[in-house]
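Q: Please take one close look at the very beginning of this chain, and then follow its surroundings outward until the rest of the model falls into place. I am new to this structure, so a careful, connected account would suit me best.

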Amino acid sequence: MDMQAIRKAYSNASLIDEDKGVFDDSGNKIITEQSKIDAARTELEKLDYQWKRENEYPSMADQLDMIFHDGIEVWRDKIQSIKDKYPK
């Protein structure tokens, strides 16, 4: 069960149980449609590069330090290599 995609597709989902189903805050069962879940997964995957880049970029302090000590070109190359590794 793709819980992340279900939460994106059904913002009112508060409980997702693989055996029992998807429920809202009141305990009402939400009838899910696989096409909506698939569409939500597609949207999440479009944004996946952002999370991967964010986790790999050096901290702002480290980036500024890199610029100060190594120059803007070294910094630019480092950032570009991450962007190339995780394209949009």
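A: In this predicted model, Asp 2 is partly exposed, because its relative accessible area of 27% falls between the 20% under which a residue counts as buried and the 50% over which it counts as exposed. Asp 2 lies in the segment before helix H1, and, when residues up to four places away in sequence are not counted, it touches Ile 37 and Arg 41. Glu 18 is another point of reference: although Asp 2 and Glu 18 are 16 residues apart in sequence, their C-alpha atoms are 9.5 Å apart in space.

Of the two residues that Asp 2 touches, Ile 37 leads on to the interior, since Ile 37 is a member of the largest nonpolar core. That core has 10 residues, among them Ala 5, Ile 6, Tyr 10, Ile 16, Val 22 and Leu 44. Helix H1, residues 3-9, and helix H2 each supply at least two residues of the core, and H2 gives the most, with three residues. In soluble globular proteins, nonpolar side chains tend to be buried together. Ile 6 shows how this core is joined, for, with its neighbours within four places in sequence left aside, Ile 6 is in contact with Met 1, Ile 16, Val 22 and Ile 37. Ile 37 is thus touched by Asp 2 and is also in contact with Ile 6.

The core leads next to the strands. Three strands form an open sheet in the order E1-E2-E3, and their pairing is antiparallel. Strand E1, residues 15-17, and strand E3, residues 29-30, are the edge strands, each of which pairs on one side only. E1 and strand E2, residues 21-23, pair in the antiparallel sense over three bridges, and in one of these places Leu 15 has Phe 23 in E2 as its bridge partner.

Helix H2, residues 34-46, can be followed further through its charged side chains, since Lys 46 and Glu 43 both lie in this helix, three residues apart, which is about one turn of the helix. Their side chains meet in a salt bridge, with 3.1 Å from N to O. Both ends of this pair are partly exposed: Lys 46 has a relative accessible area of 49%, while Glu 43 is at 37% relative accessibility.

In all, the count comes to five salt bridges, and two further examples lead into later helices. Lys 85 forms a salt bridge with Glu 56, the closest N and O atoms being 3.3 Å apart. Lys 85 lies in helix H5, residues 72-85, and Glu 56 lies in helix H3, residues 48-56, so this pair ties together parts that are 29 residues apart in sequence. Glu 56, at 27% relative accessibility, counts as partly exposed. The other example lies within H5, where Arg 76 and Glu 73 are three residues apart, about one turn of the helix, and their side chains meet at 2.8 Å, N to O. Arg 76 is partly exposed with a relative accessible area of 42%, and Glu 73 is partly exposed as well, with 46%.

Helix H4, residues 60-70, holds Gln 63, which is buried, because its relative accessible area of 10% is under the 20% limit. When neighbours within four places in sequence are left aside, Gln 63 is in contact with Tyr 57, Pro 58, Trp 75 and Ile 79.

It remains to place these parts within the whole. The secondary structure of the protein chain comes to five helices and three strands, and from the N terminus on the elements run α-β-β-β-α-α-α-α. The radius of gyration is 20 Å, well over the 12 Å that the globule rule gives for 88 residues, so the protein chain is more spread out than a compact globule. Taken along the principal axes, its C-alpha atoms fill a box of roughly 60 × 25 × 20 Å. Of the 88 residues, 24% count as buried, and the accessible surface comes to about 6600 Å², of which 50% belongs to carbon and sulfur atoms. Among contacts with a separation of 6 or more, residues 24 or more positions apart account for 40%.

Notes. Residues are numbered from 1 along each chain as its sequence is written. This is a predicted model: local features need pLDDT of at least 70, side-chain atom pairs count only at pLDDT 80 or more; totals for chains, interfaces and linings use all residues. Side-chain values use heavy atoms; hydrogens and water are left out. A salt bridge is a side-chain nitrogen of Lys or Arg within 4 Å of a carboxyl oxygen of Asp or Glu. Helices (H or I, at least four residues) and strands (E, at least two) are DSSP runs, numbered from the N terminus. Buried means under 20% relative accessible area, exposed over 50%, partly exposed in between (1.4 Å probe, protein chains only). A nonpolar core is a set of buried Ala, Val, Leu, Ile, Met, Phe, Trp, Tyr and Cys residues joined through side-chain atoms within 4.5 Å. Contact means heavy atoms within 4.5 Å. The radius of gyration is taken over C-alpha atoms; the globule rule is 2.2 Å times the number of residues to the power 0.38. Accessible areas come from the Shrake-Rupley method with a 1.4 Å probe; for residues, only the protein chains shown count as cover. Two strands pair if DSSP finds at least two bridges between them.
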